[in-house]
Amino acid sequence: MKIGIDFDDTIASTSEKVLEYLNKYNIKEFKNFEEKRTFYNKYIDNITEELNLISNVKEVLDYLSKDNELYIITARSNYYSNNLKKLTLDFINKNNLPIKEVYFDCFEEGKAIKCKELDIDLFIDDNINNCLEVKKLNIDVILFNNNYDNLKSFDNWLDILKYIKE
């Protein structure tokens, strides 16, 4: 089986780390896009270097990689930083994640297109819209750490493993 997996907030706890930085610099909200862009331009490299794995993801991916091909399909790009793709790959290597290939720059419809190109059997993402786009292609989806009617949802990797085994 081929499994496509999102990166941010599915493998790595990105939102948690971003929130730490927002709190550290006392930013409650961005007033406009330029302010948001300035924040990410300045801090996204540090945020990526400090990311933590989601609980149990390493163990589950190690188990799944024995009989399946695992792909990361992410919207991450070098938009905010020329180093972001490299830092993401460094994170994957540092954590010894058993990923066959990483596909960057895949936004909503792009994730569905990439899943179809790769003949993905199962896609795991925390974003409802991404899951709905992929599901339209009759690809099995799991919505991670989120809820939406008509989508299988799990909020931890051990439950995802149990579902896949069944």
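This report describes the fold, surface, one buried residue and the salt bridges of a predicted model.

## Overall fold

The protein chain contains 7 helices and 6 strands. Their order along the sequence is β-α-α-α-β-α-β-α-β-α-β-β-α. The chain therefore begins with a strand and ends with a helix.

A compact globule of 166 residues would have a radius of gyration near 15 Å, and the 16 Å of the protein chain agrees with that. Along the principal axes, the C-alpha atoms fill a box of roughly 45 × 30 × 25 Å. Taking contacts between residues at least 6 apart in sequence, 63% join residues at least 24 apart.

## Burial, surface and charge

Buried residues make up 44% of the 166 in the protein chain. The exposed area of the chain is about 9,200 Å², and carbon and sulfur atoms supply 44% of that area.

The chain carries 23 positive and 31 negative charges. The mean positions of these two sets are 2 Å apart.

## Surroundings of Phe 7

Phe 7 sits in the loop between strand E1 (2-5) and helix H1 (14-24). Its relative accessible area is 0%, so Phe 7 counts as buried.

Leaving aside residues up to four places away in sequence, Phe 7 touches Ala 12, Leu 51, Ile 72, Thr 74, Arg 76, Thr 88, Phe 91 and Ile 92. Of these, Ile 72 falls within strand E2 (residues 69-73), while Thr 88, Phe 91 and Ile 92 fall within helix H4 (84-94). Ala 75 is 68 residues from Phe 7 in sequence, yet the C-alpha atoms of the two are 8.4 Å apart in space.

## Salt bridges between separate elements

Side chains of opposite charge can pair when their charged atoms come close. The structure holds 13 salt bridges. One of them joins the side chains of Lys 100 and Glu 69, with an N to O distance of 3.6 Å. Lys 100 belongs to the loop between helix H4 (84-94) and strand E3 (101-103), and Glu 69 to strand E2 (residues 69-73), so this pair ties together parts that are 31 residues apart in sequence. Lys 100 is exposed, at 52% relative accessibility, whereas Glu 69 is partly exposed, at 28%.

Lys 152 and Asp 140 form another salt bridge, in which the closest N and O atoms are 2.3 Å apart. This pair links distant parts of the chain, with Lys 152 in strand E6 (residues 152-154) and Asp 140 in strand E5 (residues 140-144), 12 residues apart. Both partners are partly exposed: Lys 152 has a relative accessible area of 32%, and Asp 140 has 27%.

## A salt bridge within a helix, and a network

The side chains of Glu 117 and Lys 114 also meet in a salt bridge, at 2.9 Å from N to O. The two residues lie 3 apart in helix H5 (residues 108-118), and therefore about one helical turn separates them. Glu 117 is exposed, with a relative accessible area of 55%. Lys 114 has a relative accessible area of 16%, and counts as buried because this value is under 20%.

Salt bridges also link Asp 6, Lys 111 and Asp 125 in a network. Within this network, Lys 111 falls inside the range of helix H5 (residues 108-118), the helix that holds Glu 117 and Lys 114. Asp 6 directly precedes Phe 7 in the numbering, and Phe 7 lies in the loop between strand E1 (2-5) and helix H1 (14-24).

Notes: Residues numbered from 1 in each chain as written. Predicted model: local features only at pLDDT ≥ 70, side-chain atom pairs only at ≥ 80, totals over all residues. Heavy atoms only, no water. Helix = DSSP H or I, 4+ residues; strand = E, 2+ residues; numbered from the N terminus. Rg over C-alpha atoms; globule rule 2.2 N^0.38 Å. Buried < 20%, exposed > 50% of the residue type's maximum accessible area, 1.4 Å probe, protein only. Contact = heavy atoms within 4.5 Å. Areas by Shrake-Rupley, 256 points an atom, 1.4 Å probe, with all protein chains shown as cover. Lys, Arg positive; Asp, Glu negative; His and termini not counted. Charge placed at Lys NZ, Arg CZ, Asp CG, Glu CD. Salt bridge = Lys/Arg side-chain N within 4 Å of Asp/Glu carboxyl O.
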